[in-house]
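Visitor: Before we look at any labels, I would like to ask how each of them was earned. Could you take me through the reasoning one label at a time?

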Amino acid sequence: MKTYQADLHIHSKLSPCGSWDMTPHRVVERAKTAGLDLIAICDHNAAGNVGAFMEAAEGTGLVVIAGMEITTSEEIHVVGLFPDRESARDVANSVQSTLPITDARYASRFGEQVLMDPAGNILGYEKHALAMATTFTLEETVSLIQDRNGLAIPAHIERPSFSVYSQLGDLPRWMPFDAVEVSPVAQRPIGLREKFARYGFPMVGSSDSHFLHEIGRARTLMQANGASFRELEAALRKEEGRGVDYA
Ligand SMILES: [Zn+2]
Ligand SMILES: [Zn+2]
């Protein structure tokens with residue numbers, strides 16, 4: 001058993017708010033420099049760049065998990081992590097079927113949504129308005145993710161926007177979350193993280209990077225037998241001495 005370092009919430013330029021620097025090869029390079037073993041690419045309501053990141057990481061020793069950050073109808077952000085890119089793609093198709101198509105003014109207001117190859121060349125632009133909320137409730141979103149054997153993790157739970165805390169006033173402890181995600185230290189309201197820690201969910205730390213320099217600024221320390229989706233799942237369930245902590 002060894003400690004692996006993971007950053008399970010990183011955006012690419014497919015997210016309208018993502019930086020143009022968030023290309024597959026540059027993110028992989030930066031993650032390696034930051035000492036990470038495992039990253040998850042989580043664009044807003046989309047997973048179209050996940051395959052390019054997996055290919056960019058081949059042979060580098062960095063493992064890329066297929067992820068997504070879904071906006072529920074309550075405007076809560078939920079990270080879904082998936083065992084493979086096909087599951088992520090299917091869930092992305094479901095959530096995008098509830099989103100409007102972008103109009104001429106969308107990109108100037110929210111930003112471009114760029115599909116890329118591993119080298120960062122532009123393959124096209126996503127037409128669904130990824131910045132909008134889906135029609136899936138929090139409960140439906142968790143089911144949608146878990147029905148495809150994914151891990152459902154409410155994002156940045158103590159942040160004052162787009163979180164369970166900001167939208168519901170609390171962390172619903174009866175929901176079957178696989179883990180909950182805390183934000184980088186700078187965004188922590190005093191006492192809230194400690195309060196939510198008592199609810200008993202495994203806690204992961206993620207950077208929610210939209211820019212290269214943010215990668216690894218928060219991380220999950222995973223006690224496991226390898227860096228993979230399966231080992232992460234086992235660590236969240238504390239199987240055979242595995243576990244997670246955050247830094
Ligand atoms: Zn978010
Ligand atoms: Zn995010």
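Guide: Let us begin with the metals of this predicted model, where E69 bridges the zinc ion (ligand 2) and the zinc ion (ligand 1), the two ions lying 3.5 Å apart.

Visitor: What makes H9, H11, E69 and D208 donors of the zinc ion (ligand 2)?

Guide: A donor has to be an N, O or S atom within 2.8 Å of a metal such as zinc, and the zinc ion (ligand 2) is coordinated at 2.0 to 2.1 Å by NE2 of H9, NE2 of H11, OE of E69 and OD of D208. Along the chain, these donors follow the spacing H-x1-H-x57-E-x138-D. H11 sits in the loop between strand 1 (2-10) and helix 1 (24-33), while D208 sits in the loop between strand 9 (203-205) and strand 10 (220-224), so that this pair, 197 residues apart, links distant parts of the chain.

Visitor: Why is the arrangement around the zinc ion (ligand 2) called irregular?

Guide: The 4 donor atoms subtend angles of 83 to 174°, whereas a tetrahedral label would require all angles to lie between 85 and 135 degrees, and a square planar one would require opposite donors over 155 degrees apart with all others between 65 and 115. The arrangement is therefore classed as irregular, although water is not among the atoms and a site may look incomplete for that reason.

Visitor: How do you know that H11 and D208 are buried?

Guide: The label buried is given under 20% relative accessible area; H11 has 0% and D208 has 8%, so both residues qualify.

Visitor: Which residues are the protein donors of the zinc ion (ligand 1)?

Guide: They are E69 through OE, H77 through ND1 and H156 through NE2, lying 2.1 Å from the ion, and their spacing along the chain is E-x7-H-x78-H. Because H77 belongs to strand 4 and H156 to the loop between strand 7 and helix 6, this pair ties together parts that are 79 residues apart in sequence. H77, with a relative accessible area of 7%, is buried, and H156 is buried at 1%.

Visitor: Turning to the helices, why are the buried residues of helix 5 said to line one face?

Guide: The residues concerned are L138, T141, V142, L144 and I145, which are buried in helix 5 (residues 138-147). When helix 5 is viewed down its axis, they fall within an arc of 160°, and so they line one face of the helix. The general background is that an α-helix has 3.6 residues a turn, so residues three or four places apart point the same way. On the other side of helix 5, E139 and D147 are exposed, while the buried residues pack against strand 3 (63-71), strand 4 (77-82), helix 3 (85-96), strand 7 (151-154) and helix 6 (164-168). Just after helix 5, N149 takes a positive phi of about 60°.

Visitor: What puts the buried residues of helix 1 on the same side?

Guide: P24, V27, V28 and A31 are the buried residues of helix 1, and they cover an arc of only 100° around the axis, which places them on the same side. E29 and T33 are exposed on the face turned away from that buried side, and what covers the buried residues includes strand 1, strand 2 (38-41), helix 2 (50-57) and strand 5 (114-116). Helix 1 is followed by G35, whose phi is positive, near 80°.

Visitor: Why is the pair of F196 and Y199 called edge-to-face?

Guide: A search of the whole structure finds 3 aromatic pairs, and in the one formed by F196 and Y199 the centres are 5.5 Å apart with 65° between the planes. Since rings pair when their centres lie within 6.5 Å, and planes over 60 degrees apart count as edge-to-face, the pair is edge-to-face. F196 counts as buried at 1% relative accessibility, and Y199 is buried at 14%.

Visitor: What makes R173 a charge over the face of Y199?

Guide: The label asks that CZ of Arg be within 6 Å of the ring centre and within 35 degrees of the ring normal; R173 lies over the face of Y199 at 3.8 Å from the ring centre. K13 likewise lies over the face of W20, at 5.3 Å from the ring centre.

Methods:
Residues numbered from 1 in each chain as written. Chains lettered and ligands numbered in written order. Predicted model: local features only at pLDDT ≥ 70, side-chain atom pairs only at ≥ 80, totals over all residues. Heavy atoms only, no water. Buried < 20%, exposed > 50% of the residue type's maximum accessible area, 1.4 Å probe, protein only. Helix = DSSP H or I, 4+ residues; strand = E, 2+ residues; numbered from the N terminus. Arc of directions from axis to C-beta. Contact = heavy atoms within 4.5 Å. Donors = N, O, S within 2.8 Å, 3.2 Å for Na, K, Ca; no water. Tetrahedral: all angles 85-135°; square planar, octahedral: opposite > 155°, others 65-115°. Phe/Tyr/Trp six-rings, centres within 6.5 Å; stacked < 30°, edge-to-face > 60°.
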